[in-house]
Amino acid sequence: MKSAVLKYGLFALIFLYSTTLLAQNSAGNDTGTHPKRVKVTIAGSITASLNRVLGQGNGDALSAHAGRLTMWWLDLKKDVLKGDTLEILYKNAELPAIYQIHALRYTSQKKERTFSAFLYNGHFYDENGRELEPRLTHAPIKSYFQVTERMNIAGRNHHGVDFKADEGTALFAPYDGIVERIWTAPANGNSLKIKLDHQNQKAYYLHLSKVEPGLKVGMRVKAGQKVAEVGNTGRSTAAHLHYELHDKNEKIIDPYLNDEIYYQTIPAAYVESFTEWRNYYLSLLNAGNN
Ligand SMILES: [Zn+2]
């Protein structure tokens, strides 16, 4: 009897422990409580619509996170129409900065479809398990959490792409090229510029923790060679890479529109687990529509 209780207790403990691990690994958050759900019918901007329901400040904060997902589907200046619907499953702690979206669904009248994003293992995927964010074939960074800003999206004057990543994450030359400049400035922090053989484009890396030791102006670099590490130097509030691609005339161009992209999908071994999470989120989203 005693050993059965022990055995069962141990089994329960292991089960609980592994479920917790699964929950943390799979969705990047705990499942102790269901995420909160908010549904708004759009009138004005997404931010204004969320603020009406959640209150000023809360809406601003959640909207900033929502924008990182919706920016891949919509031109936020032109495509957000009155009467569209937005649903978000999210968790938050005391600080708005730690809002975490678990799922988001947007029904667009202009695009005549519903877009969905589900958090799984730290990244967002659509209902079929295709990653929401496109990836650059000739990428300056391979391992990162999320693209937090693109070029000039939603009326913001942002001249590049921001990749949120841990300090020290390796950065690479996207093509063969020549190191043109290595410098430090108050706003941009430690910076690196490479003139690329590819169409004479220029690649800029800002806010670095460091440029690769030994790299000097005038040196040739190969595509895929490590050139620097992600940092938080200059005017930057969290570790990230600010990456700019300029054409031969130094005009800033959007790498997602001017270079090759591809999409990652959930590996076969994780499809079942992803599907369970997606269905869990769908049930929470749909529960509010009864
Ligand atoms: Zn930036």
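**Briefing: exposed turns, a five-stranded sheet and two nonpolar cores**

E250 is exposed, because just 8 other C-beta atoms lie within 10 Å of its own. This residue belongs to a predicted model, and its place is in the loop between β15 (240–246) and β16 (252–253). The chain has 290 residues, of which buried residues make up 30%, and its secondary structure comes to 5 helices and 17 strands. Among the contacts with a separation of 6 or more, 61% join residues 24 or more positions apart along the chain.

**Loop residues with positive phi**

- Most residues other than glycine have a negative phi.
- E250, although it is not a glycine, has a positive phi of about 65 degrees.
- Q199 also has a positive phi, near 55 degrees, and is likewise a residue other than glycine.
- The loop that holds Q199 runs between β11 (189–196) and β12 (202–211), and Q199 counts as exposed because it has 11 C-beta neighbours inside 10 Å, where 12 or fewer is the limit for that class.

**The open sheet**

- An open sheet is formed by 5 strands in the order β1-β2-β3-β4-β5, and the pairing is antiparallel.
- The edges of this sheet are β1 and β5, each of which has a single partner strand, so that one side of each is left without a neighbour in the sheet.
- From one strand to the next, the twist averages 15 degrees.
- β2 and β3 run antiparallel and are joined by 7 bridges, and Y90 has I101 in β3 as its bridge partner.
- β3 and β4 also pair in the antiparallel sense, over 6 bridges; R105 stands opposite S116 in β4, while Y106 stands opposite F115 in β4.
- A hairpin is formed by β3 and β4, with 4 residues between them, and in its turn E112 has a positive phi of about 55 degrees.

**Helices packed on the sheet**

- α2 packs on the sheet, where it touches β1 and β2, and the direction of α2 makes about 120 degrees with that of β1.
- α3 packs on the sheet as well, touching β2, β3, β4 and β5, and its direction makes about 60 degrees with that of β3.
- Within α2, the buried residues are I46, S49, L50 and L54.
- Seen down the axis of α2, these buried residues fall within an arc of 115 degrees, and therefore they line one face of the helix.
- An α-helix has 3.6 residues a turn, so residues three or four places apart point the same way.
- The partners against which the buried residues of α2 pack are β1 (36–41), α3 and β2.
- After α2 comes G55, whose phi is positive, near 95 degrees.

**H65 in helix α3**

- H65 lies in helix α3 and is partly exposed, because 19 other C-beta atoms lie within 10 Å of its own, whereas a buried residue would need 20 or more.
- Not counting residues up to four places away in sequence, H65 touches Y99 and I101.
- H65 and T148 are 83 residues apart along the chain, and their C-alpha atoms are separated by 8.2 Å.

**The two nonpolar cores**

- The largest nonpolar core has 28 residues, and those with the most contacts inside it are I88, A103, L104 and F118.
- Two or more residues of this core come from each of α2 (46–54), α3 (58–70), β2 (85–91), β3 (100–108), β4 (113–120), β5 (123–125) and α5 (271–287).
- Once neighbours within four places in sequence are left aside, L104 is in contact with A66, L69, I88 and A117.
- A second core, separate from the largest one, has 24 residues and includes Y144, F163, A165 and V230.

Methods
Residues are numbered from 1 along each chain as its sequence is written. This is a predicted model: local features need pLDDT of at least 70, side-chain atom pairs count only at pLDDT 80 or more; totals for chains, interfaces and linings use all residues. A nonpolar core is a set of buried Ala, Val, Leu, Ile, Met, Phe, Trp, Tyr and Cys residues joined through C-beta atoms within 7 Å. Two residues are in contact if their C-beta atoms, placed from the backbone, lie within 7 Å. The arc is that of the directions from the helix axis to the C-beta atoms. Two strands pair if DSSP finds at least two bridges between them. Axes are lines fitted to C-alpha atoms, for helices over the stretch in contact, and angles run from 0 to 180 degrees between N-to-C directions.
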